[in-house]
Amino acid sequence: MVVVTASPGHCAKYCTYSLMEDRTNAIVDFQLVQVSEVGNSARMEKAGLERSLQYVEESELEVKVLVTDRHPQVAAFMRDHYPHIGHQFDVWHLAKNVTKKLNEYAKKKVALIYFLG
């Protein structure tokens, strides 16, 4: 397995977490986390990832790169517990963050050249 894309989908009560192998688009694992299992909704995404990676390890599958959103708990978890797996942020979330920052600068009427320079 080369690249796995993690996709959380959640509401206040449930979080679905899936791992997909990017070359074949095959779903490798799917987890459903209920908020009552982890205490609050902010912990659900990390719990789903932990369970999925545990399943992958138990299945003796090799993950070289994991692509996720920019969730800070997920980034810290990957850095602390899985440093051997490359962790990257997906392009959509990166673009969303850049757009947000550009809009903030535009509202302040700061020169775009200053932001990019």
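Which residue just after helix 2 takes a positive phi? Keep that one in mind, everyone, while I set the scene. What we have here is a predicted model, and I'd like to walk you through helix 2 and the charged residues.

So, the answer: it is Glu 60, with a phi of about 60°. Now step back into the helix itself. Helix 2 covers residues 44–58, which is 15 residues. From the first C-alpha to the last, helix 2 reaches 21 Å, close to the 21 Å expected at 1.5 Å a residue.

Which side chains of this helix should you look for on the inside? The buried residues of helix 2 are Met 44, Glu 45, Ala 47, Gly 48, Leu 49, Ser 52, Leu 53 and Val 56. Do notice Glu 45 in that list, sitting there among the buried residues.

On to the charges. How many salt bridges does a search of the whole structure find? There are 4, and I'll show you some of them.

Let's stay with helix 2 for a moment. Lys 46 and Glu 50 meet through their side chains in a salt bridge, at 3.5 Å from N to O. Both residues belong to helix 2 and are 4 residues apart, about one turn of the helix. As for exposure, Lys 46 is partly exposed at 26% relative accessibility, and Glu 50 is partly exposed too, at 31%.

Next, please find Arg 51. Its side chain forms a salt bridge with that of Glu 37, at 2.6 Å from N to O. This pair links distant parts of the chain, with Glu 37 in helix 1 (residues 35–38) and Arg 51 in helix 2, 14 residues apart. Glu 37 has a relative accessible area of 44%, partly exposed, and Arg 51 is partly exposed as well, at 25%.

Another salt bridge joins the side chains of Arg 23 and Glu 21, with 3.1 Å between N and O. Is each partner buried or exposed? Arg 23 is exposed, at 62% relative accessible area, whereas Glu 21 is buried, at 6%.

I've saved Asp 69 for last. You'll find Asp 69 in the loop between strand 4 (65–68) and helix 3 (72–81). Asp 69 is buried yet has no salt bridge. Which side chain of opposite charge is nearest to Asp 69? That would be Arg 70, 8.2 Å away. What the side chain of Asp 69 does reach is the backbone nitrogen of His 71, at 3.2 Å.

That's my tour, friends. Thanks for listening!

How values were computed: Residues are numbered from 1 along each chain as its sequence is written. This is a predicted model: local features need pLDDT of at least 70, side-chain atom pairs count only at pLDDT 80 or more; totals for chains, interfaces and linings use all residues. Side-chain values use heavy atoms; hydrogens and water are left out. Helices (H or I, at least four residues) and strands (E, at least two) are DSSP runs, numbered from the N terminus. The expected span of a helix is 1.5 Å times one less than its number of residues. Buried means under 20% relative accessible area, exposed over 50%, partly exposed in between (1.4 Å probe, protein chains only). Lys and Arg count as positive and Asp and Glu as negative; His and the chain ends are not counted. A polar contact is a pair of N or O atoms within 3.5 Å; within protein, one must be able to donate a hydrogen and the other to accept it, and residues adjacent in sequence count only if both atoms are side-chain atoms.
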